[in-house]
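Student: I should like to take a close look at a single part of this protein. Could you guide me through one sheet and then through the parts that help to set it in context?

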Amino acid sequence: MDNISSRTMDFVNNPNIILILRFPTRSGYSDGINHSFLSDDSDEEFCANLQQRHVSVPNTDRLDKHEISFATKQACGITDSSSKQNLSIASMIQKRTIGPAFSTAEKCWISNSFLPNKFDLITKYNNSWLRVYNTHNGKFTQLKSIPARDVGWSILDTAFSPDGSTIVYSSWSECLYQCSVSENSTTQESLLLGPGVRRFCVFSLVFSNDGREILGGANDGKLYVYDRECRQRVLRVAGHYDDVNAVAFADNTSQIFYSAGDDGLCKVWDKRTLTETDPRPVGVLAGHMDGITYIDSRGDSRYLITNCKDQTIKLWDVRVFSGEIGKMNTRKAVSSQNWDYRWQPVPKRLRKPRDLLEGDTSVMTYRGHSVLQTLIRCHFSPADTTGQRYIYTGCSTGRVIVYDVLTGKIVRKLFGHAMCVRDVSWHPFYPHIVSTSWDSTIARWRYVSDAKYISYSDMEDTENEIEIQPQKLRRSERIAAQQARNATFNSTS
């Protein structure tokens, strides 16, 4: 399973092991954050604005002409639309009984007809511990609890070693902490980074494919590489002018990697030519209008996606870098932002679709989710079961959002959590998505025929296996319903 990145939240090398990481809110105002960011809008008004700005059809002009469009269609078995247009899954199975086995593309085509839609509550949590679960046969059995050190207000990131034997996590400390997955081990080893600043943390970390090195991006704008065999930091380079929120390797060679942060730029680096004295990226990807919160590589060293506080996800081709105009316009757009995404509402200028910045070299822009309160993450769906047909992300409204890569449209809005969903992870081989939320719950989503959605507040006292019921009416709908009842009553009086 070498093609699975070590930064995957769950199911790394052993699909039966999952690491549950708590991302607690700042002490003392977790409930306040959930509501105060809607200070100038009611819940109904904010969600209405969020939906209204995406009524227009996404612009796919660049994407339709791009190589990734053809590659994704081919991987999903939809290159010949005429042959699949009237072909049902039942008829495909019938033909399978007398013909050859399903191809990988055909399997993806079938799997994509059954996207996860049912909420199963896995667990609640209320303290700063890391928990490891065995997920054999779809059951979540806790194997180990690890008390986190130097938490401050949050555990910031975790990563499994490629062999699945070790967890490394970051907190508000000049060290990373390394722990064994083994139930018998309680040792936590400190991996000193030596940043030379007082208030320090690593927002994002990832293992190299051979497990020897750990790459991290920190709040001092620098990139760190720690060598586990030498037991020391081997590289510290100035990567960005502001917090580095995300790092990711391009592929399994672990030579090319990406970094992005609050300066709005995504940079591409070659570790073989990188030096501390003259750190120069191979190229820069520009087009976002605010700080970038996350990077996910497609794993082919060509494509990646970035999630951003400008309320968009962008798809990039690293073979097409941005020029000076694009970089200048991104810096200008970011510097003009005067809001704090952690507790303020989204500015109106970011709510409505607008033209791309001049010099934006992204292949496609995806809109429809909300990035507030925390560094929300996005991912490509698995190659083996979906052909990477989808992009899925958390959302500050408590939803899990699934986009179609090819159309830019939302194909799933999964309701269940009561607060912001920070991270999500799709099982590499099964149609399951795991989500972690600020409502102190971990949930699993799976496909159930005719499932409907409900808010988590309506099922706090129910068991893990919950049959989803219709969601409560919003305030505007309740008023309309009441007016209709009154009109009926008056007419019959």
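Tutor: The account below begins with one open sheet and then turns to aromatic pairs, a hairpin, a helix and the confidence of the model.

The model is a predicted one. The sheet in question is open and has 4 strands, which follow one another in the order 2-27-26-25 with antiparallel pairing. At its edges stand strand 2, residues 118–124, and strand 25, residues 421–426; each has a single partner strand, so one side of each is left without a neighbour in the sheet. On average, and with direction ignored, neighbouring strands of this sheet are turned by 20 degrees against each other. As general background, the strands of a sheet pair through backbone hydrogen bonds, and the pairing may be parallel or antiparallel.

Consider next the edge formed by strand 25. Strand 25 pairs with strand 26, residues 432–437, over 5 bridges in the antiparallel sense. Within this pairing, Ser 425 stands opposite Val 434 in strand 26. Between strand 26 and strand 27, residues 441–446, there is a loop that contains Ser 440. The phi of Ser 440 is positive, near 65 degrees, although Ser 440 is a residue other than glycine. With a relative accessible area of 22%, Ser 440 is partly exposed, since the range called buried ends at 20%.

The aromatic rings come next. The count of aromatic pairs comes to 12. One of them is formed by Trp 153 and Trp 172: the centres are 6.2 Å apart and the planes make an angle of 45 degrees, so the pair is classed as tilted, neither under 30 degrees nor over 60. This pair links distant parts of the chain, 19 residues apart: Trp 153 lies in the loop between strand 4 (141–147) and strand 5 (157–160), and Trp 172 in the loop between strand 6 (166–170) and strand 7 (175–180). Trp 153 is partly exposed at a relative accessible area of 21%, whereas Trp 172, at 17%, is buried. A further pair brings us back to the sheet: Tyr 390 and Trp 426 are stacked, with 6.3 Å from centre to centre and 10 degrees between the planes. Here too distant parts of the chain are linked, for Tyr 390 belongs to strand 22 (residues 390–394) and Trp 426 to strand 25, 36 residues apart. Tyr 390 counts as buried at 5% relative accessibility, and Trp 426 is buried with a relative accessible area of 5%.

Trp 153 and Trp 172 also form one aromatic cluster with Phe 203. That brings us to strand 9, residues 202–207, which is mostly covered, 6 of its 6 residues being buried. Strand 9 pairs with strand 10, residues 213–218, in the antiparallel sense over 5 bridges. In strand 10, Gly 217 is the bridge partner of Ser 204. The two strands, 9 and 10, form a hairpin with 5 residues between them, and in the turn Gly 211 has a positive phi of about 80 degrees.

A helix may be set beside these strands. In helix 4, residues 67–76, the buried residues are Ile 68, Ser 69, Thr 72 and Cys 76. Seen down the axis of helix 4, these buried residues fall within an arc of 105 degrees, so they line one face of the helix. In general, an α-helix has 3.6 residues a turn, so residues three or four places apart point the same way. The cover over the buried residues of helix 4 includes helix 3 (61–64), helix 7 (104–111), strand 18 (303–308), strand 19 (312–317) and helix 10 (383–386). Helix 4 is followed by Gly 77, which has a positive phi near 75 degrees.

Two of the elements covering helix 4, strand 18 and strand 19, are among those just named, and Gln 311 is placed in the loop between strand 18 and strand 19. Gln 311 is not a glycine, yet its phi is positive, about 70 degrees. At a relative accessible area of 0%, Gln 311 is buried.

Finally, the confidence of the model deserves attention. The protein has a mean pLDDT of 83, and 78% of its residues reach 70 or more. Over residues 1–13 pLDDT stays under 50, and the model has 50 contacts beyond four places in sequence for them. Over residues 488–493 pLDDT also stays under 50, and there the model has 0 such contacts. Where pLDDT is low, the predicted coordinates should not be read in detail.

Notes: Residues numbered from 1 in each chain as written. Predicted model: local features only at pLDDT ≥ 70, side-chain atom pairs only at ≥ 80, totals over all residues. Heavy atoms only, no water. Pairing = 2+ DSSP bridges. Axes fitted to C-alpha atoms, helices over the stretch in contact; angles between N-to-C directions. Buried < 20%, exposed > 50% of the residue type's maximum accessible area, 1.4 Å probe, protein only. Arc of directions from axis to C-beta. Contact = heavy atoms within 4.5 Å. pLDDT = per-residue confidence, 0-100. Phe/Tyr/Trp six-rings, centres within 6.5 Å; stacked < 30°, edge-to-face > 60°.
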